[in-house]
Amino acid sequence: MPPDERLVSEQFPRASAYHPDWVLANASGGANSLWLTEWLSAALDLRAGMRVLDLGCGRASSSIFLRREFGVQVWATDLWFSAAENLERIRDAGVGDGVFPLHADARSLPFAPGFFDAIVCIDAFMYFATGDLYLNYLAQFVKPGGAIAIGGAGLVREIEGELPEHLRAWWTQGLWSLHSAAWWRRHWERTGIVHVERADTMPDGWKLWLDWHRAVAPDNATEIEAVTQDQGRFLGYVRVVGRRRGETKLDEHCWPDNLRTLVPPQYARKPLLRGQEPPAVENGGADLLMVETNPPATGSR
Ligand SMILES: C[S@@+](CC[C@H](N)C(=O)[O-])C[C@H]1O[C@@H](n2cnc3c(N)ncnc32)[C@H](O)[C@@H]1O
């Protein structure tokens, strides 16, 4: 039998080791999440034991990959795909000890402030995160100095004016949320919430977009035709990595849920056992800082 060359890419040696049947069976979107995760993780400093939020993880292939390849602990969080199904997939992949599936909306996350060392999002940010206030919301969940990193389908350059003719048959309203690396850099950097370390476009990403589509959805002629016609003029894969700046104060009233402003956190450190000192302050004291900076619940803008 000749070797199965499907989805093999020199650019992505780690992803190429995964069985194409597994990758295809666990696809949850229009991109190869393992390629994108390998590309994104090359711009991160992932170390074993780190706590990582995989936001919009779909069928959790990226979460399994991150656990297996880097030894990080992953909270595999998604809205449309079942956490029960993901748990089976995670266990079968042998990483049940370090990948934790959750069903949650990215706009109402059930985590404590500063819990994560890094947040990654593969090909999902455009569904919920283009709003001006979303970064302020999400940043609270990562420690100061931690990364917020996104990789996915996007634009090589912004579409100014009319939609190009060759994209019209494929375009839908939802695609207006696709943006370029330069757009994301400006969107994030001007807030001061993160320092943007990386904002770039995958070289020849459109070719990989086509390779993936021919493998996973060969009947999707409209998209294949649009990407083929485009030749990387507008469509491609975009990667952005920002690092949370601890000194920037986040706005509480921008959060979609107001639990924290109604019931401010009041944790006071005490020794756990007799004869012990109180625990040392972690995370540069980011969580305690939040107590001090909470605006009054009735505060106006
Ligand atoms: C194109 S799929 C990508 C999935 C996966 N990351 C991958 O690369 O295969 C987009 C994902 O975004 C998730 N998503 C969309 N809106 C969301 C929201 N508000 N909260 C959490 N996840 C959301 C969907 O559930 C879906 O799995």
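Tutor: Before we start, two strands pair if DSSP finds at least two bridges between them, and please keep in mind that this model is predicted.

Student: OK, so how many bridges join β5 to β7?

Tutor: Strand β5, residues 142–155, is joined to strand β7, residues 235–244, by 9 bridges, and the two strands run antiparallel.

Student: And which residue in β7 is the bridge partner of Gly151?

Tutor: Gly151 is bridged to Arg239 in β7.

Student: What's the strand order in the sheet?

Tutor: The sheet is open, with 7 strands in the order β3-β2-β1-β4-β5-β7-β6 and mixed pairing. Its edge strands, each of which pairs on one side only, are β3 (99–103) and β6 (194–201), and the twist from one strand to the next averages 15°.

Student: Which strands does α7 lie across?

Tutor: Helix α7, residues 181–189, lies across β6 and β7, and runs at about 175° to β6.

Student: Switching to helices, at what angle do α8 and α9 cross?

Tutor: The axes of α8 (residues 205–216) and α9 (residues 221–230) cross at roughly 160° and come within 10 Å. Angles over 145 degrees count as roughly antiparallel, so α8 is roughly antiparallel to α9. Their crossing is left-handed.

Student: Which residues make that contact?

Tutor: On α8 they include Trp206, Trp209 and Leu210, and on α9 they include Ile224 and Val227; by class, the contact of α8 with α9 divides into 5 nonpolar, 2 polar and 3 charged residues.

Student: Last one, how many residues surround the ligand?

Tutor: The ligand is surrounded by 21 residues, the closest being Gly29, Ser33, Gly58, Trp80 and Ala124, and the shell has 10 nonpolar, 7 polar and 4 charged residues.

Conventions: Residues are numbered from 1 along each chain as its sequence is written. This is a predicted model: local features need pLDDT of at least 70, side-chain atom pairs count only at pLDDT 80 or more; totals for chains, interfaces and linings use all residues. A residue is near a molecule or strand if its C-beta atom, placed from the backbone, lies within 6 Å of it. Ala, Val, Leu, Ile, Met, Phe, Trp, Tyr, Cys and Pro count as nonpolar, Asp, Glu, Lys and Arg as charged, and the others, Gly among them, as polar. Helices (H or I, at least four residues) and strands (E, at least two) are DSSP runs, numbered from the N terminus. Axes are lines fitted to C-alpha atoms, for helices over the stretch in contact, and angles run from 0 to 180 degrees between N-to-C directions. Two residues are in contact if their C-beta atoms, placed from the backbone, lie within 7 Å. Angles under 35 degrees count as roughly parallel, over 145 as roughly antiparallel, 65 to 115 as roughly perpendicular and the rest as oblique. A crossing is left-handed if the near helix is turned anticlockwise from the far one by less than a right angle, and right-handed if clockwise.
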